[in-house]
Amino acid sequence: MSRYIAKAAIRGANLIVGEAEQMVEAAVAELGASTPVAFTNTAYHLPVILGFTGMEVDNLGELREAVAYAKRLLNAMPGESLWLPYLGETLDAGAATLLATEAIEAVRFARGLQPEPIPGLHLTGTSFTSPDNNGGGADGGHANGPIDDIQLRAWGIQLVDGRMPGFAAIIGAARSNEAAVSIVRELQKRNILVFLSGNVNGRSIIHQLMEEGVEMGYDTYIVPFGTDTISAIYALGFATRSALTFGGMSGGQTRDILLYNKYRVFAFALALGEVDDLKYAAAAGAINYGFPVIADTLIPQILPSGITSYEHVISMPFDDIPGDNDTERARRLVQRCMEVRGVKIKITDVPIPVPYGSAFEGERIRKADMRVEFGGSKAQAFEYLRSVGLDEIEDGKIEVVGPGFDDVPEGGAMSLGIVVEVAGRKMQEDFEPVLERQTHYWVNGASGIQHIGQRDITWIRLSKAAVDKGFQIKNLGDILYARLHADFGAILDKVAVTIYTDPDKFQEWLAKAREAYQARNVRLADMVDESIEEFYSCTLCQSFAPNHVCVISPERLGLCGAYNWLDCKASNQINPTGPNQPIPKGICLDPVFGVWQGSNEFAYQNTHQTVERVTLYSIMQDPMTACGCFECIAVVIPEANGVMVVSREDPSMTPAGMTFSTLAGVAGGGLQTPGMMGVGKYYLLSRKFISADGGFKRIVWMSSVLKGMMADELKGVCEREGDPDLLDKIADERSATTVEELLPFLEEHQHPALAMDPIF
Amino acid sequence: MPEEKPDKKVEKKPTDMSIDTAVCEVLSNCEGVVETAFDRAISIRPCPIGAEGACCKHCAMGPCRLVAKTTRGVCGATRATVAARNFARAVAAGAAAHSDHGRGMAFALLAVAKGETEGFRIRDEAKVHAVAGYMGIKSEGRPIMDVAREIAETALGEFGKQTGELIYLKRATPARQELWRKEKIAPRGIDREVVEVMHRTHMGVDQDAENILDQTLRASMTDGWGGSMLATDITDILFGTPTPLQSQVNLGVLKDDEVNLVVHGHEPTLSEMIVAASTDPELLEYAKSKGANGINLAGICCTANEVLMRHGIPPAGNFLSQELAIATGAVEAMIVDVQCIMQSLAEVATHFHTKVITTSPKAKIEGATHMEYDEHHAYQSAKDIVRVAIDNYPNRGAAKIPGPKPDEALIAGFSHEYIRYMQGGLYRGSFRPLNDAVAAGRIRGLAGVVGCNNARVAQDAPTVQIIRELIKNDVLVVVTGCAATGAAKYGYLQPEFMDHAGAGLREVCEAIGIPPVVHVGSCVDNSRILTILTECATEGGLGDDISDLPAVGICPEYMSEKALSIGSYFAASGAYVLFGLPSPVSNSPEVVDLIQNGWNARFGGGIEFEPDIDALIAKVFTRIDAKREALGLAEYDAARFGESGDRQMEEMLETLDKGGSLNVYSVSR
């Protein structure tokens with residue numbers, strides 16, 4: 001700290017804690033102590049209060065206790081002379097501020113005042129995961145409020161594998177709208193989540209971005225929390241839950257939670273505009289997490305490190321930043337933020353006329369904003385990647401065979417085929433689908449371009465804005481060329497891309513592609529656990545969940561759904577010392593439960609001696625651990641003699657008496673919990689899905705969202721299991737949310753699990 | 001012998017004898033009236049034979065002086081044996097003093113735990129649990145008094161233990177513990193090692209200098225990792241773990257219109273009760289009845305540091321100021337217990353109305369009033385003593401108290417627990433910021449400046465000179481004992497003093513809000529420095545052990561045998577310690593080399609005597625920079641740092657106050 005900041009922060013903390021106390025008291029008096037308080041869709045109560053104090057606050061009466069706790073953390077301001085030390089005291093005051101601001105938001109929730117109405121603000125991608133999040137002003141416009149557990153987990157794999165290094169909590173308003181846009185674009189480019197809150201004299205960066213037409217919401221990685229400083233608490237709620245979700249910590253393990261964030265979550269606060277006492281106080285709270293603070297105004301700097309990894313507080317007066325315009329100055333400001341937090345991001349320079357970064361992956365192009373689409377209902381598109389000999393292609397050759405879309409009317413469609421040819425000494429045919437599947441993410445990374453599907457169900461849309469900026473079909477090739485070299489340079493030497501719009505050529509190559517898809521399907525079907533000598537590990541998540549290891553076999557993909565056996569094999573080729581290591585199977589100790597000497601030994605060593613034995617095919621005996629990024633959770637329902645599978649996209653109550661969020665708290669963090677397991681959704685389709693416990697037929701309940709998402713595949717599994725109507729016998733949240741409802745449903749539909757051997 | 005003849009009268013002005021202007025003022029008033037240690041230091045020259053460790057008087061065949069061509073005593077003992085034996089006995093005496101203090105504290109805790117005292121209670125329950133943890137005592141869920149009792153009994157057991165190892169050795173780094181075992185110097189029991197020094201140095205026993213010195217180290221460790229550490233811990237349990245507070249220092253803290261009591265000595269049990277008694281309404285009323293406006297308490301020596309650290313009671317001075325406090329004529333009673341108490345106090349007091357009250361059965365002084373303190377009736381004892389002082393108030397004659405000066409304010413109270421807290425608060429407290437600062441080069445290194453006053457050098461001069469140079473060159477300084485009091489007198493313990501520090505150290509001071517010189521307590525609290533160094537070594541980034549750290553110990557004005565014990569246990573713990581006075585073993589180059597280089601090679605720490613203060617300072621930097629280099633740290637470069645802090649902000653606000661325009665987005669405006 002500096003004494004100036006210490007004074008301001010302690011003053012701010014005293015005021016806000018007093019304010020929180022008054023608000024809670026008033027609410028208790030008015031609404032009663034038993035009135036529930038809760039944020040949207042979280043199993044972590046009020047997460048910051050839970051993290052710091054271990055208190056599970058669910059009503060106003062309990063909230064009062066939390067505020068009393070905050071009060072005890074307050075100290076006197078340092079004097080003008082002969083002052084007493086203030087760093088520890090200021091950090092404690094910062095913690096008090098966080099507890100108080102969360103309490104205030106909780107009261108606002110209890111009063112129906114959160115999320116904050118902001119007329120005209122319509123978020124992308126929120127309605128699905130936050131069905132309750134529908135407050136708002138006259139036109140329903142509103143800020144996001146806290147991020148729910150579901151979204152946190154959905155981002156989990158990106159957070160842990162480094163694709164999404166962390167978040168920037170922006171507080172205030174930028175020097176200009178131009179600066180505001182430049183700052184968030186620079187952050188998006190680096191795939192850093194952008195959390196917005198606060199204002200300067202009533203004007204917030206949220207207003208600035210709205211004026212500039214920047215899309216905000218989960219899909220664009222820009223989450224507006226609210227226009228006051230208090231709403232910045234949601235950023236720290238997110239941070240706290242990262243530790244609870246992925247780090248396997250529980251409330252009250254305060255130091256561990258904070259250190260987890262210091263070392264694993266690359267977040268920082270960016271204070272835009274004048275910094276008042278409350279902002280200093282909140283910043284002191286953030287520093288507890290190891291998050292540095294960067295300001296675009298003149299404030300005292302705190303450069304020695306220790307609580308944070310590098311500098312604590314940096315002042316970068318905006319007008320003094322060299323640059324021709326605010327866009328450039330903002331770019332330098334963001335660069336400095338990266339240095340201060342120690343975020344090392346490799347930005348692949350993709351030479352296209354629109355901004356590029358995976359923050360743009362979730363962007364949707366509405367029909368009205370669309371210039372042209374390839375594929376969809378009115379045309380066809382495919383993508384096909386194959387490996388060829390080194391002398392067969394010319395590196396960097398990008399060719400469009402056929403016409404462009406100039407003649408296609410606005411909003412029209414045309415057919416298009418993308419053929420990527422790669423060559424490299426370490427390239428293997430098995431890697432083709434691994435690389436090809438990346439097309440989805442890579443193409444989506446361009447601002448104004450949307451990519452859906454894969455293989456011959458590819459569907460690409462270009463927005464008018466992107467085309468106005470000069471985006472052409474050939475640029476799709478530029479993207480693929482740049483990314484293939486950047487991401488797979490270790491196994492590739494040459495890349496060439498040919499895009500076919502010529503109808504005859506299109507058909508010719510579509511046929512070739514389909515032939516290849518078919519061959520791959522056959523190859524995949526043949527690839528079973530018994531047919532290979534090595535499994536692969538995935539310890540990617542150990543950056544977040546230090547005691548978790550995924551053992552990935554051909555018939556059991558990673559629980560996050562992002563890594564199958566082939567992906568791991570390719571990843572190992574690219575980075576031989578990376579997180580995916582071959583695990584020689586060794587002696588098979590139990591073919592039914594799927595226990596090998598090799599996988600046991602690997603798990604023991606790499607979970608820091610916490611997991612001694614792991615089965616690949618059982619939920620009951622030594623089940624595999626989970627980090628927190630799982631797509632689904634499988635849970636035994638003893639009364640039904642079966643298991644239920646709940647999707648992370650399902651916010652509803654389940655027959656286990658818990659929602660996904662609550663279950664996830666038990667299933668994650670690298671703990672081995674018999675009867676509960678985090679899994680990837682495609683594992684449900686595997687012949688080895690809990691095969692030791694009876695297999696797919698054990699599923700008595702499944703979130704309807706899964707049934708819909710994998711309808712065809714599940715149908716195939718039911719047929720394979722010899723019970724084509726099995727899917728209809730499986731209940732979902734529409735038919736049962738309690739065991740009492742579930743059992744009659746199963747009996748009525750004669751679910752096979754009822755007749756199976758006892759699962760225990 | 002010519003050396004023993006009274007020297008030609010040396011003309012010395014008070015300002016040659018002390019750099020403390022308050023001391024000089026009182027000394028001037030004493031001239032020709034009251035004789036002080038300053039006068040005697042001129043009239044008595046140190047015995048040159050004893051000074052060099054050349055005198056052996058361990059048997060009646062001697063005393064033998066091993067000087068000139070004499071290389072052996074009557075029994076054949078060599079210069080090395082004689083020097084080592086003398087050194088060993090001094091260390092044993094020092095260790096015995098500290099450890100007896102620790103024993104006293106353990107007995108006090110036992111009495112409290114048994115409910116046998118009045119006035120005392122347990123002030124820091126968290127520390128009870130922490131200490132129980134160190135001792136392997138189960139504390140969770142047990143009544144606190146049960147745990148306290150077991151701690152006291154375990155502590156007392158350490159003194160009489162015959163085999164095994166001291167429990168607190170486990171608090172050292174694993175590497176250090178291993179080394180102690182390998183080198184066979186891990187102490188077995190506190191009393192046993194001190195007794196063994198006495199045995200081995202008896203005529204005709206241990207006659208191998210290195211072997212004697214190994215036992216010396218082992219005995220010294222019973223002080224640092226035994227008696228002193230226990231004393232610190234138990235004092236924190238009983239009287240509270242210190243946290244920073246403001247106070248004043250020097251003779252100016254005595255009051256013209258109040259009853260002045262000065263507590264002097266080392267053990268805090270009685271002084272704690274006197275602190276309480278001095279605010280007792282009944283006694284305040286009694287003081288008023290005698291015409292006084294209140295009861296004013298001040299301290300001297302380490303008792304002063306104990307009550308300063310926990311209550312902000314101001315020290316009236318350090319060791320050499322003790323006679324002068326009485327010589328102000330303003331002290332109603334000086335209450336003394338043990339260690340560093342000059343016998344001359346009783347004589348000085350005869351010139352004034354002051355009552356010198358001895359309180360320990362271990363320490364009586366001819367001519368002083370003895371009021372034996374009984375910890376079972378601690379508060380009553382304290383009240384009786386305060387009453388005697390009040391009764392004496394009407395007897396005060398014309399007093400001349402030097403006026404207080406503004407630079408005599410200070411911040412004290414840095415326990416190692418608080419030092420941890422101040423670097424991160426309740427949740428993030430650690431030594432990471434300090435280690436980071438050292439690693440980055442903001443802080444060049446760490447120095448503990450400790451020890452006494454010595455009438456052979458101008459009071460406070462070497463201490464202040466050394467600290468000034470160290471902080472100017474970005475060395476963070478921790479101080480204890482009389483060195484701390486000395487530094488405080490010149491404003492060094494004020495946070496504002498960071499402006500005298502190098503740019504990097506200043507940044508760290510401003511970030512935390514501390515002075516560049518940090519007061520960690522009394523001389524038994526040197527054990528806190530062991531804990532601090534161990535925490536630095538454990539935190540990571542600066543090696544694995546104390547001996548890896550760019551840190552040194554300095555004892556500029558050493559006087560007592562305790563200082564030699566402290567220096568020895570720091571050496572055994574891996575710290576290099578420089579003393580600012582001539583070597584007491586200089587008669588044997590072999591012993592000089594053994595404790596300096598021999599120990600350094602084996603333990604990574606050693607003891608060196610360097611009376612040339614400029615040379616001493618240069619050695620400190622050489623040592624620190626060598627350690628930095630060994631750790632592979634950035635080369636120290638003062639110019640790299642200093643961009644932190646409030647200065648720019650304050651300038652901007654000033655501009656604004658003067659009616660300037662405000663653009664928060666630019667420094668240049």
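The exercises below, each with a worked solution, deal with a predicted model.

**Exercise 1. Find how much confidence the predictor places in chain B and in the model as a whole.**

Begin with the average for chain B, which is a pLDDT of 95, and note that 98% of the residues score at least 70. Next, look for a stretch that departs from this picture: over residues 1-6 of chain B the pLDDT stays under 50, and for these residues the model has three contacts beyond four places in sequence. Finally, turn to the scores of the model, which are ipTM 0.94 and pTM 0.83.

**Exercise 2. Describe the side of chain A that touches chain B, stating which helix gives the most to it.**

The first step is to establish the extent of the contact, in which 40 residues of chain A meet 41 residues of chain B. The second step is to ask which elements of chain A take part, and here α1 (3-31), α4 (87-110) and α10 (254-264) each supply at least two residues of the side that touches chain B. Of the elements of chain A, α4(A) gives the most to this side, with five residues. The last step is to sort the side by class, which yields 23 nonpolar, nine polar and eight charged residues.

**Exercise 3. Work out how domain 2 of chain B meets domain 3 of chain B.**

Start from the division of chain B into domain 1 (79-150 + 165-228), domain 2 (251-395) and domain 3 (409-640). The C-alpha centres of domain 2 and domain 3 of chain B lie 32 Å apart, and 13 residues of domain 2 are in contact with 16 residues of domain 3. On the domain 2 side, α13 (301-311) and β6 (315-317) of chain B each supply at least two residues, and the largest share, seven residues, comes from α13(B). By class, this side of domain 2 has nine nonpolar, three polar and one charged residues.

**Exercise 4. Determine whether the residues of strand β4 of chain A are buried or exposed, and identify the strands that pair with β4(A).**

Take burial before pairing: in β4(A), residues 268-272, five of the five residues are buried. Phe268(A), Leu270(A) and Leu272(A) lie on one side, while Ala269(A) and Ala271(A) lie on the other, and both faces are covered. Then consider strand β1 (residues 167-172) of chain A, which pairs with β4(A) in the parallel sense over five bridges, with Ala169(A) having Ala269(A) as its bridge partner. Strand β5 (residues 293-295) of chain A also runs parallel to β4(A), joined by three bridges, and Ala295(A) in β5(A) stands opposite Ala271(A). To finish, follow the chain through helix α11 (residues 277-288), which together with β4(A) and β5(A) makes a right-handed β-α-β unit.

Conventions:
Residues are numbered from 1 along each chain as its sequence is written. Chains are lettered from A and ligands numbered from 1 in the order in which they are written. This is a predicted model: local features need pLDDT of at least 70, side-chain atom pairs count only at pLDDT 80 or more; totals for chains, interfaces and linings use all residues. Two residues are in contact if their C-beta atoms, placed from the backbone, lie within 7 Å. Helices (H or I, at least four residues) and strands (E, at least two) are DSSP runs, numbered from the N terminus. Ala, Val, Leu, Ile, Met, Phe, Trp, Tyr, Cys and Pro count as nonpolar, Asp, Glu, Lys and Arg as charged, and the others, Gly among them, as polar. Domain bounds come from an automatic or database domain assignment. pLDDT is the predictor's confidence in each residue, from 0 to 100. A residue is buried if 20 or more other C-beta atoms lie within 10 Å of its own, exposed if 12 or fewer, and partly exposed in between; C-beta atoms are placed from the backbone. Two strands pair if DSSP finds at least two bridges between them. A crossover is right-handed if, with the strands pointing away from the viewer, the path from the first strand over the helix to the second runs clockwise.
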